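Thanks for coming. I will put the model up first and then go through a few places in it.

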Amino acid sequence: MTERSRPAETARRWVARRAAPLGVRLAAPCGTAARLVSAARLVSAARLVSAALFVSAALIGATGGGCSEPSQPFALGEAAYARADFRAAAAHYRAALEQDRRPVSEAEVRSRLGLTLRKLGETAAAEVELRTAIRQAEGATDGHLAAVTRRYLGRLYADTGRLEAAGQALDAALDWHRTNGPPSDALKVQIQRAGLAWVRHDLEGAYDAYLDAHGRAQVADRPMELGAALEGMALLVGQAGAFDEARRLLVQAEVAYRRAGRADATAQLHANAA
């Protein structure tokens with residue numbers, strides 16, 4: 001394995017193997033977009049911009065022949081999110097909500113729309129969508145979607161200064177993920193929980209949470225979360241004046257981010273260190 005992470009490399013291979021051959025069959029438009037929903041989810045999760053552009057083009061081509069395809073708006077939203085075109089993503093998710101038939105649940109669409117609206121700074125609308133998504137997911141006994149959406153909601157609460165509510169949402173998400181897996185989801189919540197402790201000026205608690213996440217990320221072989229934990233530890237020790245240790249941790253974080261194939265995270269890392 002190169003410096004790219006397994007998840008990112010897996011997504012690239014999946015898109016190349018499953019999505020690219022669809023280009024040969026675009027003359028028969030019906031039914032092809034549904035095959036790209038999973039590809040769109042993968043490129044969104046891994047932020048694969050070039051793959052997202054391909055998926056968008058393939059979806060438009062696949063459904064451009066007058067065929068009604070319920071997969072298109074949601075998958076286009078996922079691809080737009082991967083490109084960080086959040087306004088387009090929100091429009092596609094809203095279009096998906098207006099459909100009579102959907103390839104995914106209304107709760108999942110609302111969860112993704114709420115996440116996207118938060119990126120656009122529309123916090124009130126984002127909160128409505130996220131809370132609705134949690135209620136719908138719980139009603140459908142989809143504990144995983146409810147927990148993921150609580151993580152989104154916790155971040156929104158933290159953004160708007162509601163730190164106690166943020167902690168409650170993140171704790172509920174972490175409890176579910178630690179019991180039900182996978183480890184990557186629990187790690188994401190734990191890293192957000194560490195950041196929340198930092199905002200609350202609990203620097204020792206924040207460092208301990210990052211350190212615990214660091215160990216768990218190593219065991220689970222999750223380079224993206226490993227990089228985030230190392231970066232958090234580096235910034236905390238740097239704030240305490242231990243600059244040599246901070247530089248050592250930042251170097252390790254950069255290696256982890258490069259393994260994850262996330263040049264954007266590496267660039268942000270350098271901006272934080274400047």
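Let me start with one residue. Lys188 sits in helix H10. Please keep in mind that this is a predicted model.

Is Lys188 buried, exposed or something in between? Its relative accessibility is 30%, so Lys188 counts as partly exposed; the buried class ends at 20% and the exposed class begins over 50%.

What does Lys188 touch? Leaving aside residues up to four places away in sequence, Lys188 is in contact with Arg151 and Glu225. There is also a pair to look at further along the chain: Ala229 is 41 residues from Lys188 in sequence, and their C-alpha atoms are 9.7 Å apart in space.

Arg151 brings us to a helix pair. Helix H8, residues 143-159, packs with helix H10, residues 183-199, at an angle of about 20 degrees, and the two axes are 11 Å apart. Because of that angle, H8 is roughly parallel to H10; the cut-off for that term is under 35 degrees. The crossing of H8 past H10 is left-handed.

Which residues make this contact? On the H8 side they are His144, Arg151, Arg155 and Ala158. On the H10 side they are Asp185, Lys188, Val189, Gln192 and Leu196. By type, the contact of H8 with H10 has four charged residues, three nonpolar and two polar. Lys188 and Arg151, the pair I mentioned earlier, both appear in this contact.

For a second residue, go to helix H6, residues 106-119, where you will find Ser111. Is Ser111 buried or exposed? Its relative accessible area is 1%, so Ser111 is buried. Again leaving out residues up to four places away in sequence, Ser111 touches Leu130, Ala133, Leu145, Thr149 and Tyr152.

Now the chain as a whole. How many helices and strands does the chain have? There are 14 helices and zero strands. Read from the N terminus, every element in the run is therefore α.

On burial, the chain has 274 residues, and 47% of them are buried. Ser111 belongs to the buried class, whereas Lys188 is partly exposed. The surface that the chain exposes comes to about 13000 Å², with 53% of it supplied by carbon and sulfur atoms.

Last, contacts along the sequence. Take the contacts in the chain with a separation of 6 or more: 55% of them are between residues 24 or more positions apart.

That is all I have for today.

Methods:
Residues are numbered from 1 along each chain as its sequence is written. This is a predicted model: local features need pLDDT of at least 70, side-chain atom pairs count only at pLDDT 80 or more; totals for chains, interfaces and linings use all residues. Side-chain values use heavy atoms; hydrogens and water are left out. Axes are lines fitted to C-alpha atoms, for helices over the stretch in contact, and angles run from 0 to 180 degrees between N-to-C directions. Helices (H or I, at least four residues) and strands (E, at least two) are DSSP runs, numbered from the N terminus. Angles under 35 degrees count as roughly parallel, over 145 as roughly antiparallel, 65 to 115 as roughly perpendicular and the rest as oblique. A crossing is left-handed if the near helix is turned anticlockwise from the far one by less than a right angle, and right-handed if clockwise. Contact means heavy atoms within 4.5 Å. Ala, Val, Leu, Ile, Met, Phe, Trp, Tyr, Cys and Pro count as nonpolar, Asp, Glu, Lys and Arg as charged, and the others, Gly among them, as polar. Buried means under 20% relative accessible area, exposed over 50%, partly exposed in between (1.4 Å probe, protein chains only). Accessible areas come from the Shrake-Rupley method with a 1.4 Å probe; for residues, only the protein chains shown count as cover.
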